[in-house]
Amino acid sequence: MRTTTALREQACQVLEANWTGRFTKPAPRLYPHQWSWDAAFIALGWMHEDQERAQQELRHLFRAQWKHGLVPHIVFDRRARGYFPGPGVWETHRSPDAPARIATSGIVQPPVHATAAWAIYQQARDRSAARAFLEELFPKLAAWHDYLFRERDYYGEGLVYIRHPWESGMDNAPLWDGIAQRMHLNPGDRPRYRRVDTTLVAEADRPTSAEYDRYLYLVRLFAEAGYDEARIREACPFLVQDVLFNTLLCRAEQDLAEIAAELGEDSEPFRQRACRVAEAVNRKLWDDRRALYFDYDLVLDRPIWVRMAACFTPLFAGIPDGLQAARLVSHLEASGFFNWDGSCYSVPSYDPNGLGFSPVRYWRGPVWININWLLIEGLARYGYTEHAAHLCRTVRLLVERNGFYEYYHPYTGEGHGSEQFSWTAALVMDLLARRPEWMQWGVRSTRRRAVA
């Protein structure tokens, strides 16, 4: 058993080892560049150890912001070689809005950045430096959110859409299986490529090549459209109003309102927009019969009834009312996602009873620490402190027993994907700093059992 101090030091060592001097890599080998929502989660860890690095994490990301506000999901480090798909695949030079001297991807990831920026300010030891940081970042955050509402809320519903599985952050989630199956690719539609990821981690942990074919088909579609949103919208087979993305946008708008108020700016437009998103999530994505939030497929104009851990994340933004929250927590306990008896390291990313569940394949079943962090904060927000504390303790058990991995087998706790993963370390650091009493021992029992 490691002491809390020792565990925090080990988590900090992971971030230190992945620090490039300008940003923090998600992992030593598999992810050599900067990823958008990774940067926000990583900043939440750095803020407890090094305020300047926490601020630098977001500064570096937003230097690559596109002219119309888009924050790219990857900012490429020109010194790093061998990653696929690299800048040559994205061809972002086709867009007049892309930055001229910084290589990026042409899609986005969930908007956690205002939430991270506000947390950095609240935790700051040097308040004047933190205030200057907020003043610098505020217009960029506002432009980022404006882009999403302007370009991605095409129907004016208060819900933004994503147009690539990678934009959800949950690349190969079973959510997208139905869409992938109707994306029939002819031989000429399959780009030639050589994957690098499966040479660095176990192939069984990663998305399949059939899934990668479709990821790259979409990237080529975007590039050929010159990254013009209207043209993409007309041709794209993947247009989804995602629960997790819109939840995080709602919370980010709430936090941007706090930033605006702190800086003496008008906060009301952000508060109104946050309320509008929350109302839309409840109106369109809440399924009252199933007591759960589901994604919505805009192409087929129907819900995607797939149970993911992300279906519970509206708790993080305070979107459900009290009765909805109670029904969500009951569902969480009854569905196999949450286990008091220790038979599973909660909460796996996908329904353990769902078709195609895999305890090791990326977003098809493993436990991800960032999703658990969102659920911990959401459960605490509604007063479910025993549930939140239980998740904190299982998070600690995972890293104590297995190290700081990208994701974990939900039954054995074995680490999978990349080792020395930055957001795992960062979010453990945050929980140890802000939830120390919950991170202590006392899990009822977390027993190991093998799964075939």
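Which residue forms a salt bridge with D197, and how far apart are the closest N and O atoms? The partner is R195, with the closest N and O atoms 2.7 Å apart; a salt bridge is taken here as a side-chain nitrogen of Lys or Arg within 4 Å of a carboxyl oxygen of Asp or Glu. The structure is a predicted model, in which local features need pLDDT of at least 70 and side-chain atom pairs count only at pLDDT 80 or more, while totals for chains, interfaces and linings use all residues. Residues are numbered from 1 along each chain as its sequence is written, and side-chain values use heavy atoms, with hydrogens and water left out.

Both members of the opening pair are covered. D197 is buried at 6% relative accessibility, and R195 is likewise buried at 9%. The term buried stands for under 20% relative accessible area, exposed for over 50%, and partly exposed for anything in between (1.4 Å probe, protein chains only). Elsewhere, salt bridges that share partners tie R152, R163, E167 and E229 into one network.

A search of the whole structure gives 32 salt bridges. Among them is the pair formed by R273 and D146, whose closest N and O atoms lie 3.0 Å apart. This pair connects distant parts of the chain, since R273 sits in helix 13 (residues 268-285) and D146 in helix 6, 127 residues apart. Helices (H or I, at least four residues) and strands (E, at least two) are DSSP runs, numbered from the N terminus. R273 counts as buried at 18% relative accessibility, whereas D146 is partly exposed at 33%. Another salt bridge joins D50 to R53, with 3.7 Å between the closest N and O atoms. Here the acidic partner, D50, is partly exposed at 26%, and R53 is buried at 16%.

R163, a member of the network named above, deserves a closer look. It is located in the loop between helix 6 (127-152) and helix 7 (165-168), and its relative accessibility of 1% makes R163 buried. The R163 side chain makes a polar contact with the side chain of E229 at 3.0 Å. A polar contact is a pair of N or O atoms within 3.5 Å; within protein, one must be able to donate a hydrogen and the other to accept it, and residues adjacent in sequence count only if both atoms are side-chain atoms. With residues up to four places away in sequence set aside, R163 touches a list of residues including L70, Y147, R152, F222, E229 and F238; contact means heavy atoms within 4.5 Å.

Attention now turns to helix 5. This helix (residues 113-123) is mostly covered, with 9 of its 11 residues buried. The buried set runs through H113, A114, T115, A116, A117, W118, A119, I120 and Y121. Helix 2 (36-46), helix 3 (51-62), helix 6 and helix 12 (243-262) are among the elements that cover these residues. A117 offers a good example from helix 5: its relative accessible area is 0%, and A117 is therefore buried. Leaving out neighbours within four places in sequence, A117 is in contact with L58, F133, L134, L137, L141 and I259. By comparison, A117 and L216 stand 99 residues apart in sequence and 32 Å apart in space, C-alpha to C-alpha.

Helix 5 also figures in the largest pocket, where it provides the largest share of the lining, 5 residues. On a 1 Å grid over the protein atoms alone, a pocket is an open set of points where a 1.4 Å probe fits, with protein on both sides within 12 Å along at least five of seven lines, and lining residues have an atom within 4 Å of a point. The largest pocket holds about 320 Å³ of space, the volume being the space filled by probe spheres set on the points, with grid points joined across faces, edges and corners. Its lining comprises 18 residues, and T115, A119, Q122, R251 and R434 lie nearest the centre. At least two lining residues each come from helix 5, helix 12, helix 15 (369-381) and helix 17 (422-434).

Finally, the cysteines were examined. The whole structure contains 0 disulfides, a disulfide being a pair of cysteine sulfur atoms within 2.5 Å. For C250, the closest cysteine sulfur is that of C275, 7.5 Å away and so too far for a bond; C250 is buried, at 0% relative accessible area. For C344, the closest cysteine sulfur belongs to C311 at 16 Å, again too far for a bond, and C344 is buried at 3%.
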